[in-house]
Amino acid sequence: MKIIRLLTAVSFLGFVSGTRAAELNLFAWSEYVPQTVIDGFTKETKIKVNYETFASGEEMLAKMLAGGASYDLVQPPDYIAEVLIRNKLLTPIDAKKLPNLKNVAPEFLGMPHDPEQKFTVPFMIGTVGIVVNTDVVKEPIRGYKDVFQPKFKNRIVVVNDNRELVSWVLVTLGLDQNDITPANLAKVKPVLAEWIKLVKVFDSDSPKTALLSGEVDLGVVWSGEAARLYEEDKKFAYILPEEGAHPFVDVMAIPANAENVDAAHKFLDYILRPEVSKLISDEFPYTNPNLEARKLLSEEQLENPASYPKIENYDTFRDIGKAATLIDQLVTDLKSAQ
Amino acid sequence: MSAADGMSQSGVSQAGRRPGVAGWLMLAPMLVWLAAFVVVPMAILAIYSFCERDELGRVVFSFSTDSYVRVFSPVYLGIFARSIGYAALTTAICIVLGFPVAWVIARASEAWRARLLLLVMIPFWTSFLIRTYAWLTILKSDGLLSALLQHIRIVGAPLELLYTPTAVVIGLVYAYLPFMILPIYASAEKLDVALVEAAHDLGCGPLRTFREVIVPLTKPGIYAGVLLVFVPAIGMFAITDLMGGARVPMIGNVIQNQFFQARDWPFGAALGVVFTLMFVVSYWILQRRSAAA
């Protein structure tokens with residue numbers, strides 16, 4: 001009996017320490033980390049990756065704050081990373097463990113959400129821009145004001161993201177996209193009311209679907225979606241709005257309560273390798289901040305205007321705290337009023 | 001001994017009789033389930049609805065009625081009204097479509113009854129979301145329905161149906177129709193055909209027979225169906241997003257938004273509490289009416 005008990009105890013210990021040493025709980029966007037990359041990492045390091053997904057930065061934040069699950073690596077967008085840093089919810093990243101960090105273009109390091117470059121590693125960069133089906137829309141489209149015209153009523157798809165909608169109007173009015181005040185929203189309201197009436201579909205998950213099926217001819221969508229449309233058919237042109245495009249940076253970070261900090265660093269360095277980073281770009285054609293990986297991409301990939309747009313100024317979203325409620329109220333109000 | 005007595009007489013309703021230990025034991029799983037998944041979550045919801053949120057969106061326990069003030073503002077009352085309107089229309093269409101189907105199944109021969117019921121239930125074998133995506137393929141302007149109607153020359157131009165309120169109602173009716181058919185079927189199956197024949201023999205026309213014999217006798221089924229369709233249809237948000245293009249918010253969409261995009265849990269909780277109270281009231285009214293009937 002004693003032997004059996006001893007054996008049970010030993011195997012249990014082995015089980016516990018075994019799982020501890022060889023697990024990584026990854027919490028990332030759906031459709032962002034290719035399975036091939038995860039499998040390659042597990043094969044090389046014997047670390048098992050549990051990949052849990054979310055569909056918006058807010059959802060990620062809500063689940064992180066709710067507790068219950070402990071994640072080792074999360075993938076917040078820039079302005080959510082800013083909140084996490086400010087509230088001391090992240091573990092500093094040990095740059096010494098990331099020799100491949102040198103591959104990242106300097107312009108994407110030390111950005112406003114992480115000015116000291118202590119807590120985050122850029123994963124992919126994207127923009128929100130205009131897609132035009134040039135087979136149908138023959139006139140030049142340069143910015144938001146060309147898209148939201150009465151003659152395009154019911155021919156427009158936009159992402160179903162209230163903050164995006166409001167930010168487009170703010171830049172069109174020449175205001176700061178991060179300056180969410182009741183006074184500014186009062187200025188936004190009449191313009192946005194007209195714009196919302198013109199939209200046929202609000203879809204954040206797959207706005208390309210409505211464009212592909214010809215249900216709509218114009219869209220304001222994520223650049224990754226636009227890049228895939230362009231790969232599908234060159235008639236889908238991508239245009240950065242002249243009023244000002246909104247770029248976003250999705251980063252990787254380690255939560256303060258992470259249990260497998262070492263494994264997290266290993267994974268970070270693994271995906272920073274040029275050949276691995278290239279695999280991510282192959283599947284999800286956003287802007288890759290990894291300069292060495294870019295050298296491995298095909299000419300065609302680099303020439304995709306949605307993946308590598310000519311953008312000078314990376315003016316990202318900042319955290320707006322409680323003002324998110326004001327935006328939600330405004331957009332709900334306007335959508336209901338039509 | 002008393003426990004055994006209680007068991008043996010459980011079929012007989014006796015006023016003032018208490019269930020014995022065995023009775024409580026048998027009830028225990030249900031009570032635990034109710035407490036864990038109904039009472040406790042509802043209590044949390046009620047408490048949150050009177051709290052505030054901090055900058056991060058975490059719930060702060062300081063008493064506030066702001067959320068309720070917002071719930072009763074015209075915007076959200078309008079959304080409630082619209083959601084009820086859509087749900088009522090869905091329920092009405094479900095009754096009109098579902099009653100004849102249920103009636104035919106109930107009157108069919110035993111072998112056919114089983115087969116027809118199976119057909120009603122087969123859609124549940126596939127995920128609800130996948131079935132909704134299938135509707136997108138049918139309804140889109142270069143989709144199956146549009147092509148068919150153009151082919152047989154009923155319409156001239158491609159049909160603009162997807163992402164309209166009509167598409168939302170189609171989706172809702174499709175999703176909830178089985179929940180109307182099944183309870184009506186259960187009532188109709190028990191109905192004694194001799195009563196219908198008697199009505200005919202006594203000079204009732206078909207319409208009058210339907211109104212004064214069939215409907216009253218299947219009322220429990222209709223009420224159950226109304227409850228099963230109307231209540232969930234009010235809160236549905238996936239169909240309005242996918243088939244309605246998220247253009248017009250329903251109360252389900254607004255609540256969902258509070259927990260993710262807007263990060264305002266107290267307001268979401270307040271909407272949820274008001275919404276639940278609406279259910280309770282509508283259930284209570286239906287119960288009273290069916291008791292009266």
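Let me start with A:Lys200, which sits in strand E7 of chain A, the strand that runs over residues 199-202; please keep in mind throughout that what we have on the screen is a predicted model. A:Lys200 counts as buried, because 23 C-beta neighbours fall inside 10 Å, and the cut-off for that label is 20 or more. If we leave aside residues up to four places away in sequence, A:Lys200 touches A:Asn154, A:Arg155, A:Ile156, A:Val157 and A:Val216 in chain A, and it also touches B:Tyr163 and B:Gly245 in chain B. One of these partners deserves a second look, since A:Asn154 is 46 residues away from A:Lys200 in sequence, and yet the two C-alpha atoms are 4.4 Å apart in space.

Those two partners in chain B bring me to the contact between the chains. This contact takes 25 residues from chain B and 28 residues from chain A. On the side of chain B that touches chain A, the elements that give two or more residues are H4 and helix H12, the latter covering residues 251-259 of chain B. What is the make-up of that side of chain B by class? It has 12 nonpolar, 6 polar and 7 charged residues.

Let me stay with helix H4 of chain B, residues 74-107, for a moment, because it is also packed against helix H10 of chain B, residues 206-235, with axes that come within 9 Å and cross at roughly 145°. The crossing of H4(B) and H10(B) is right-handed. From H4(B) the contact draws on B:Ser83, B:Ile84, B:Tyr86, B:Ala87, B:Ala88, B:Thr90, B:Thr91, B:Cys94, B:Ile95 and B:Gly98, while H10(B) supplies B:Ile222, B:Gly225, B:Val226, B:Val229, B:Phe230, B:Ala233 and B:Ile234. Sorted by class, the residues of this contact are 12 nonpolar and 5 polar, with no charged residue in the set.

The other chain B element I mentioned, H12, is followed by a loop that leads to helix H13, residues 265-292, and B:Arg263 is found in that loop. Its phi is near 50°, a positive value in a residue other than glycine. Is B:Arg263 buried or exposed? B:Arg263 counts as buried, because there are 27 C-beta neighbours inside 10 Å.

Chain A offers a residue to set beside it, namely A:Gln117, whose phi is near 55°, again a positive value in a residue other than glycine. A:Gln117 lies in the loop between strand E4, residues 90-91, and E5 of chain A. With 17 other C-beta atoms within 10 Å, A:Gln117 is partly exposed.

Now to the domains of chain A. Domain 1 is made of residues 2-125 together with 249-303, and domain 2 of residues 126-246 together with 316-337. Their C-alpha centres lie 30 Å apart. Where the two domains of chain A meet, 15 residues of domain 1 are in contact with 10 residues of domain 2. On the domain 1 side, helix H4 of chain A, residues 78-86, and strand E5 of chain A, residues 120-133, are the elements that give two or more residues. Which of the elements gives the largest share of that side? H4(A) does, with 4 residues. By class, the domain 1 side that touches domain 2 has 11 nonpolar, 2 polar and 2 charged residues.

I will finish with two helix pairs in chain A. Helix H7, residues 182-198, and helix H14, residues 323-337, pack at an angle of about 30°, with their axes 10 Å apart. That angle makes H7(A) roughly parallel to H14(A), because the label is given to angles under 35 degrees. The crossing of H7(A) and H14(A) is right-handed. In H7(A), A:Pro182, A:Leu185, A:Lys189, A:Leu192, A:Ala193 and A:Ile196 meet A:Leu326, A:Leu330, A:Leu334, A:Lys335 and A:Ala337 in H14(A). This contact has 9 nonpolar and 2 charged residues, and no polar ones.

For the second pair, helix H2 of chain A, residues 35-45, and helix H11 of chain A, residues 274-283, pack at an angle of about 155°, with their axes 9 Å apart. H2(A) and H11(A) are therefore roughly antiparallel to each other. Here A:Thr36, A:Val37 and A:Gly40 in H2(A) meet A:Val276, A:Leu279 and A:Ile280 in H11(A), and these residues divide into 4 nonpolar and 2 polar, with no charged residue.

Technical notes:
Residues numbered from 1 in each chain as written. Chains lettered and ligands numbered in written order. Predicted model: local features only at pLDDT ≥ 70, side-chain atom pairs only at ≥ 80, totals over all residues. Domains from an automatic or database assignment. Contact = placed C-beta atoms within 7 Å. Nonpolar A, V, L, I, M, F, W, Y, C, P; charged D, E, K, R; others polar. Axes fitted to C-alpha atoms, helices over the stretch in contact; angles between N-to-C directions. Left-handed = near helix turned anticlockwise from the far one by under 90°. Parallel < 35°, antiparallel > 145°, perpendicular 65-115°, else oblique. Buried ≥ 20, exposed ≤ 12 C-beta atoms within 10 Å, placed from the backbone.
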